[in-house]
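Hello,

Here is the structure I promised to hand over to you. Have a look at it first, and then read on for what turned up in it.

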Amino acid sequence: MMTSQLHSCLLTFGGSLVLSLILTPVVRKAAIASGQVAVPKDDRWHKKPTALLGGGSIFAAMWIAWILAARLTNWTTHGHPYLPMMLCASAVFALGLADDIFSMDPQHKLAGQIIITAVLMFLGFRLGWSDSKTLNLFLSILWVVGITNAFNLLDNMDGLATGVAFIGGAFLFLWHFLGPYAIFLEGPLLLLAAAYLGALLGFLIYNFHPASIFMGDAGSLFIGFVLACLTMTKSPQQVHGTGFVNVLSVMAIPIFIVFIPILDTGFVSFMRKLFRRPISQGGRDHSSHRMVAIGLSEKRAVLVLYGFAVVSGFIALAIRYVSVWSSLALTAFYLLFVLFFWIYLAKVKVYPEKSVLSEENAGRFTPILVEITYRRRLFEVLLDLVLITIAYYTAYLLRFEGSMGKDFHVFLNSLPILIACQILAFYVMGVYRGVWESTSLSDLIGYIKAVTAGTVLPILILLGIYRFQSFSRAVFAIYWILMLVLISLSRLSFRLLDEGIRKGNLTGKPTLIYGAGVGGQMALKELETNQNLQLSLVGFIDDNPRIHQKRIKGYPVLGGGKDLSEIIKRHGIKEVIVSFKENGLEKKREIRSLCAGMGAEVEVKQMQLVLA
């Protein structure tokens with residue numbers, strides 16, 4: 001049975017892929033001929049006129065492949081539950097097409113989506129997240145309309161929405177197909193998912209950067225609506241499961257499948273509200289745009305978001321195959337990483353307006369909010385509360401091989417003591433007086449002392465109260481390691497992202513720094529932080545032979561002065577910066593003379609430190 005299902009799904013996927021590959025160029029020509037072209041605007045990302053209506057090829061390829069596959073299999077008679085869903089999806093496609101052609105008002109488009117979704121709910125498609133049918137109905141409408149619009153907002157860069165939808169759909173297919181109840185799934189669901197994936201992949205080939213066609217609102221609304229509906233389908237496990245484990249599975253899996261659209265929509269909505277901008281207004285303030293602003297290329301920004309979507313999909317699969325305790329830990333670590341990365345993106349300046357939390361608007365808020373929340377100290381304490389809990393919880397999981405079991409009450413009894421001691425240690429030892437962006441080696445030494453004190457003190461207290469019975473020394477040893485890693489990475493997160501992104505994305509003239517000492521490292525810092533210089537460092541040269549072929553701050557020391565001419569030729573060097581003061585002017589003249597003799601057009605500069 002499973003082999004037959006897989007064979008039919010592969011044929012459906014392949015047929016949909018081929019149809020999409022054939023139909024997309026046809027749609028592109030028709031769009032250009034009819035004038036349906038996206039013209040560059042100030043609030044839009046693309047820089048050249050690009051054909052619209054690409055969603056038509058996705059829509060047609062998916063419908064045709066699904067219907068043909070259903071007719072060629074023995075699942076045809078069972079396909080009717082999903083036919084109403086596809087008819088409603090078609091209505092959403094028509095709504096988006098009307099918006100592409102006639103430019104509908106946002107409120108009218110939203111009203112149309114709610115009406116179509118309400119019809120879908122009437123036909124029996126519901127989430128099963130609670131015991132209340134009324135609440136499930138409300139959540140179902142909110143889910144479908146929300147995810148549909150999330151993909152519409154995510155369609156802001158070449159290949160982004162299409163690729164994320166494909167990744168989400170692929171993991172949803174795997175979750176259904178590989179599950180223990182896959183044999184009970186109705187064939188049309190798997191065929192529908194396979195047709196969806198093939199249509200998306202075929203279109204993505206034309207939509208990936210540099211895109212030759214856009215899907216338009218018709219496409220983005222359609223793929224969002226279909227994926228939202230596919231996440232609402234139920235397996236026997238979902239129908240008959242009860243308790244906390246089932247609630248986690250039922251809610252977390254669809255959320256992680258479409259996590260990136262949800263995250264980007266929530267992030268953009270929050271930031272626009274913070275800067276008093278209409279949420280419905282377009283702009284270059286999405287997660288992808290901010291990644292480009294910090295130095296990533298457009299293609300790399302999209303690939304980074306693909307990566308987040310893949311990790312989210314793996315977590316959705318892991319929830320089924322690992323224990324609920326391990327799932328909670330895995331989810332917590334992932335969400336922490338997401339939190340730090342998106343806080344970093346939030347720091348990127350993309351709005352001319354002042355935030356509602358700026359000093360000019362301080363009078364609108366209570367002194368506590370301005371003095372504590374705005375200055376991030378409250379956030380740091382709350383974050384550490386979460387980090388302590390996660391580190392201690394994970395330490396128990398690692399010590400007891402992935403299960404809390406009878407030790408859960410021991411964990412709960414000791415956690416408040418650990419939290420109090422660790423927060424006190426952080427406060428006394430000055431952890432909350434540091435600035436994250438300037439975290440250095442001396443700060444890390446302070447973290448070691450604070451984590452050590454916060455680990456030893458609760459051990460002593462538990463020894464005095466309980467004689468340390470039922471507690472494990474290994475748990476506290478593991479906690480010490482995990483907490484040190486978490487506290488260090490959290491404080492270093494902005495600096496690591498800054499250095500990693502800038503180092504990997506410097507663009508401009510290939511440049512050498514002559515001198516790998518303190519002056520050379522100061523010059524490197526200026527190159528990395530000042531993008532206006534338009535210089536891309538190739539490496540250092542230094543007259544000290546002991547550091548040749550070594551790396552300084554991640555860049556190679558390519559050789560000495562005697563190797564300069566060969567290095568210039570090999571790496572196409574356009575600029576040399578002399579970083580030392582002693583004999584610097586003489587060395588500058590010497591290099592200029594060497595370059596002139598080679599016939600190489602190389603600009604030579606000497607770094608100067610000026611205190612005015």
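**A buried threonine to start with**

T455 counts as buried, because its relative accessibility is 5% and the cut-off for buried is under 20%. Please keep in mind that this is a predicted model. You will find T455 in helix α18, which covers residues 441–466. Leaving aside residues up to four places away in sequence, T455 touches Q422, F476, Y479 and W480.

Two of those neighbours lead on to the rings. F476 and Y479 belong to one aromatic cluster, together with Y392, Y393, Y396, F400 and F411. Another member of the cluster, F400, has a charged residue over its face: R399 lies there, at 4.8 Å from the ring centre.

**Aromatic pairs**

A pair of aromatic rings is described by the distance of the centres and the angle of the planes. How many aromatic pairs does the count come to? The count comes to 25. One of them is F93 with F222, an edge-to-face pair with 6.2 Å from centre to centre and 80° between the planes. This pair links distant parts of the chain, since F93 sits in helix α3 (residues 83–102) and F222 in helix α8 (residues 216–230), 129 residues apart. Are F93 and F222 buried or exposed? Both F93 and F222 are buried.

F426 and Y432 also form an edge-to-face pair, with 6.2 Å between the centres and 90° between the planes. F426 and Y432 are both buried as well.

**Nonpolar cores**

In soluble globular proteins, nonpolar side chains tend to be buried together. Here, the largest nonpolar core has 109 residues, and the members that touch the most other members are F151 and F222. So F222, which you met in the pair with F93, turns up again in this core. Which helix gives the core its largest share? Helix α7 (residues 187–207) does, with 14 residues.

As for F151, its contacts beyond four places in sequence are A161, V164, A165, S220, I223, G224, L227, V258 and P261. Apart from the largest core lies another one, of 39 residues, and A391, V410, L418 and Y479 are among them. Y479 is also one of the residues that T455 touches.

**Salt bridges**

Side chains of opposite charge can pair when their charged atoms come close. Searching the whole structure gives 12 salt bridges. In one of them, the side chains of E380 and R491 meet at 3.7 Å, N to O. E380 lies in helix α16 (residues 377–399) and R491 in helix α19 (residues 473–504), so this bridge ties together parts that are 111 residues apart in sequence. E380 counts as buried because its relative accessible area is 2%, and R491 counts as buried because its relative accessibility is 1%.

R491 has another partner too: D384 forms a salt bridge with R491, and the closest N and O atoms are 2.8 Å apart. Again the pair links distant parts of the chain, with D384 in helix α16 and R491 in helix α19, 107 residues apart. D384 is buried, with a relative accessible area of 0%.

Now look at E603 and K605. Their salt bridge has its closest N and O atoms 3.8 Å apart. Why does E603 count as partly exposed? The reason is its relative accessibility of 36%, because partly exposed means in between 20% and 50%. K605 is partly exposed too, with a relative accessible area of 37%. E603 and K605 are linked with K509 and E575 in a network of salt bridges.

**Paired strands**

Finally, here are some strands to trace. Strand β3 (residues 509–514) runs parallel to strand β4 (residues 535–541), and 6 bridges join them. What is the bridge partner of P510 in β4? The partner is S536. β3 also pairs with strand β7 (residues 575–578), again in the parallel sense, over 4 bridges. Within this pairing, L512 stands opposite V576 in β7.

I hope you enjoy exploring it.

Best wishes

Methods
Residues numbered from 1 in each chain as written. Predicted model: local features only at pLDDT ≥ 70, side-chain atom pairs only at ≥ 80, totals over all residues. Heavy atoms only, no water. Phe/Tyr/Trp six-rings, centres within 6.5 Å; stacked < 30°, edge-to-face > 60°. Helix = DSSP H or I, 4+ residues; strand = E, 2+ residues; numbered from the N terminus. Buried < 20%, exposed > 50% of the residue type's maximum accessible area, 1.4 Å probe, protein only. Lys NZ or Arg CZ within 6 Å of the ring centre and 35° of its normal. Contact = heavy atoms within 4.5 Å. Pairing = 2+ DSSP bridges. Core = buried A, V, L, I, M, F, W, Y, C linked by side-chain atoms within 4.5 Å. Salt bridge = Lys/Arg side-chain N within 4 Å of Asp/Glu carboxyl O.
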